[in-house]
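Subject: Structure for you to look at

Dear colleague,

I am passing on the structure we spoke about, and my notes on it follow below. Please read them with the model open beside you.

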Amino acid sequence: MAKEKYKDSFWLSYSDLMTSLFFIMLVLFVVCIGKMKYDNVKLTDQRNQANAEKEQLERILQLDVQFEELSKSSALQYIEEKKMFIAKDFIGIEIFNPLDDTIKPEYIKTVDSVGQSLLKVVKRLYEKNPDLNFQLIIEGYAAIPWQQLQNHSYNADSKRMYELSYHRALALYYRWLSKGINLRAYNTEVIIAGSGFNGSNRDENVEENNKRFVIQIIPKISRSQSNVK
């Protein structure tokens, strides 16, 4: 009888031991699966981040190509201290009638020539980088009259000058559009602005040079849709 009880006790203990081992192995299995999934997710995130950084770097490196294309344009001049291009054919000349946004007849050909040159630039940029978008900014400025400048009698935030410089930039855009010069083509967004007597791109040394338009072409660097979650 004692022997039978001993056998029963042995098998009960053995069963408990095996059950405990089973649960331990089950827990370890679940932990291992979870760790593998976590590592896979982490590795995928790292790969996605690396791909995004690589793509952004490639787009940034394309800026040298874009700068070269802008430099080729006969209509644009690079201003080193301002890090910008301006429409050089408009510098220091009054292509508009005083306090008006009507282009003078003698400058119509100049305006059309600048527009054609800009169109060639955005087209070349598009052909070299068809997946890249651009912003083209036409920013008008106004020179402060000499007397007002000497007497400090001008208002730097003159609403009239903001409106006038904007409408002059708009007049350029409409003139180009009427001649079939569509600067919005080739993945290019056009922004028309007027800074009047203000703006960070003013020529602080020669006030007459502010009778000009600043033309900026800016690449829009963004992550591709494939990397956006």
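A good place to begin is Gly140, whose bridge partner in strand β4 is Gly194. Please keep in mind throughout that this is a predicted model. The pairing to which these glycines belong joins β3 and β4 (residues 188–194) in the parallel sense, over seven bridges. Of the eight residues in strand β3 (residues 133–140), six are buried, so the strand is largely enclosed by the rest of the structure.

Stepping back to the whole chain, the secondary structure comes to five helices and five strands, and their order along the sequence is α-α-β-β-α-β-α-α-β-β. Buried residues account for 32% of the 229 residues. If one takes the contacts between residues at least 6 apart in sequence, 79% of them join residues at least 24 apart. The accessible surface of the chain is about 14800 Å², and carbon and sulfur atoms make up 56% of that.

Helix α5 (residues 159–178) deserves a careful look. With 20 residues at 1.5 Å a residue it should span 28 Å, and its end C-alpha atoms are indeed 28 Å apart, which agrees. Its buried residues include Leu164, Arg168, Leu172 and Trp176, and the helix is followed by Gly180, whose phi is positive, near 80 degrees.

The structure holds two salt bridges. In one, the side chains of Asp112 and Arg175 meet with an N to O distance of 2.8 Å; because Asp112 belongs to helix α3 (residues 108–128) and Arg175 to helix α5, this pair ties together parts that are 63 residues apart in sequence. Asp112 counts as buried, at 15% relative accessibility, whereas Arg175 is partly exposed, with a relative accessible area of 22%. The other salt bridge links Glu163 with Lys159, and there the closest N and O atoms are 4.0 Å apart. These two residues are four apart in helix α5, and are therefore separated by about one helical turn. Glu163 is partly exposed, with a relative accessible area of 36%, while Lys159 counts as exposed at 60% relative accessibility.

Lastly, there is a nonpolar patch on the surface, formed by Leu26, Phe29, Val30, Ile33 and Met36, which together have about 470 Å² of accessible area. Val30, one of these residues, lies in helix α1 (residues 2–61) and counts as exposed, at 51% relative accessibility.

With best wishes

Note on methods: Residues are numbered from 1 along each chain as its sequence is written. This is a predicted model: local features need pLDDT of at least 70, side-chain atom pairs count only at pLDDT 80 or more; totals for chains, interfaces and linings use all residues. Side-chain values use heavy atoms; hydrogens and water are left out. Patches are made of residues with over 30% relative accessible area and no salt bridge: like charges are joined within 9 Å, nonpolar side chains (Val, Leu, Ile, Met, Phe, Trp, Tyr) within 5 Å. Accessible areas come from the Shrake-Rupley method with a 1.4 Å probe; for residues, only the protein chains shown count as cover. Buried means under 20% relative accessible area, exposed over 50%, partly exposed in between (1.4 Å probe, protein chains only). The expected span of a helix is 1.5 Å times one less than its number of residues. Two strands pair if DSSP finds at least two bridges between them. Contact means heavy atoms within 4.5 Å.
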